[in-house]
Amino acid sequence: MTDVTQKIKTAAPKSAVKIKAPIVEALKKAYENPTYQFHIPGHTKGNGTLPDFRKLIGKKALMIDTTDEFDGLGTLHPATGPIKEAQELAAKAFGAKRTFFLLNGSTAGNLALAMGLTKKGQRILTNRNCHRSVLTGMIISGAEPLWLIPERFDDWGIWGNITPENVEEQLKLHGDISMVWITNPTYEGVVSDIKAISSVCKKYKVPLIVDEAHACLWNFNKHLPTPALQLGADAVVHSLHKTGGSMSQSSMLHIAENSMLDVDAVEKALKLLHTTSPSLLLLASLDAARANLESSRGKRQLERAVENAKYLRREIDNMEHIHHLKPDFGYKTDITKVFIKADGLSGKRLESILEIDFNIEVESASDAGLLILSNLGNSRNDIKYLVDCLYKIDRTNYSDICYLENKKHMPMLTPIIKMNLQDSFYAPKETIPKSQAIGRISGEVIAECPPGIAILLPGELITEAHLPYLQDYEFIEVIK
Ligand SMILES: Cc1ncc(COP(=O)(O)O)c(C=O)c1O
């Protein structure tokens, strides 16, 4: 097998095309031509901060820590200068009509989509395992979720794919659905048939939003699933910081070429939701991530991530007690997200073995299994080390005491909604001991991250079935 790692280390061919990164270039220019600074940020190129912090982060990072409006870097709202140019280049790279750079992650994108495009009382068809930001958006706008219940992969303790038949059934049953908003892929990499779902949405004339927070790489490698922007979705969010190589918290929101969505309304909502002092470091990291993914070097890094994942999966196939989630009937998976489980061990126990005995940290763990990401930045040696450790675990008789906790992590219940989300969020509330909360209506969102799927929502009836998910909570906020 070829070691793609080695290939990446070789110099790029001289003829390689230089990919433009306007914010990165403007920031470099500002760094090379410093001004006497009498404006924010008040640490003034790092001088006004703790020396230990400056040492840790590096003086250079602080020297380029600036916000828009200064140094000819352009502005975010409205988009001007290098920021505007970088957003346009991103739109082209991802195949969108408009792309907005997001601070505060895809969370900001979901909030803006809800705030800009939905209204009080409107019903939004969304999957039960959507991220809490979709629901927070509905708290802001007053819209209401109508649940799409995906397949349940009980052996793996996770939610599965959404079927087009299920979407059509709901649209047929409820004539007042104003939007379909689904998560694809799931956190664990399970992929739904977006092409078929989009055809159903077109048939019923409702827009389709796809929360693709975990799939910003799909446009850049043929072994990965087809991105929703190519399959008829109207809008998509991407957490570039999760898998695309940008810095934490930076994401993108794309509006599709042929979408009829009100782009101005989304832009206005974003302006209201965003900070008025956007970090140029974060914006530059988005610009850099897009440019890297388009470059031949980035493409080789992604190829390596795919090859590493294939290698990991092949090795797990040889293990006796460890298994990985594979594509099966009716759904696909994103190969770079490797969800594994071990016989006799909970996901949390397996996670702690990897962490304590082998110094390995994974993306997340839940009741039955845990999630490993094969990333752009992982070398083949990283994966080989992981494989060696998994073989050791496979051959050792580890025991599990986590089950004694009787604690559940992956919310798999279907919420019983008694009141509108927004009305409940703003209703008079009281905080009561958890033991007295059964039969009451929740006044708060409880959603542990990861995966950020709601355990309880404002307006939801609290039942005994919630208790195993609420072990860490002594008190619950309920409607008075
Ligand atoms: C499906 C999904 N959508 C949106 C988000 C929010 O993303 P961010 O952390 O970029 O705000 C997450 C975060 O985990 C997610 O899993």
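Domain bounds, as used here, come from an automatic or database domain assignment, and with those bounds the shell around the ligand in this predicted model draws at least three residues from each of domain 2 (76–294) and domain 4 (421–479). In total, 15 residues surround the ligand, and the closest are Gly105, Ser106, Thr107, His131 and Ala213. Helix α6, which spans residues 105–117, supplies the largest share of this shell, with 4 residues. By residue class the shell divides into 10 polar, 4 nonpolar and 1 charged.

Away from the ligand, the backbone itself deserves attention, beginning with the loop between β16 (429–433) and β17 (475–479), where Pro450 lies. Cys449 and Pro450 are joined by a cis peptide bond with omega of about -20 degrees, and the peptide bond that leads from Pro450 to Pro451 is also cis, its omega being near 10 degrees. Pro451, too, is found in the loop between β16 and β17.

The loop between α4 (59–63) and α5 (81–94) holds Glu69, a residue other than glycine whose phi nevertheless takes a positive value, near 80 degrees. Asp71 lies in the loop between α4 and α5 as well, and its phi is likewise positive, near 60 degrees, in a residue that is not glycine. How do Glu69 and Asp71 count, as buried or partly exposed? Glu69 counts as partly exposed because it has 16 C-beta neighbours inside 10 Å, whereas Asp71, with 20 such neighbours inside 10 Å, counts as buried, since a residue is taken as buried if 20 or more other C-beta atoms lie within 10 Å of its own.

Terms used. Residues numbered from 1 in each chain as written. Predicted model: local features only at pLDDT ≥ 70, side-chain atom pairs only at ≥ 80, totals over all residues. Near = placed C-beta within 6 Å. Helix = DSSP H or I, 4+ residues; strand = E, 2+ residues; numbered from the N terminus. Nonpolar A, V, L, I, M, F, W, Y, C, P; charged D, E, K, R; others polar. Buried ≥ 20, exposed ≤ 12 C-beta atoms within 10 Å, placed from the backbone.
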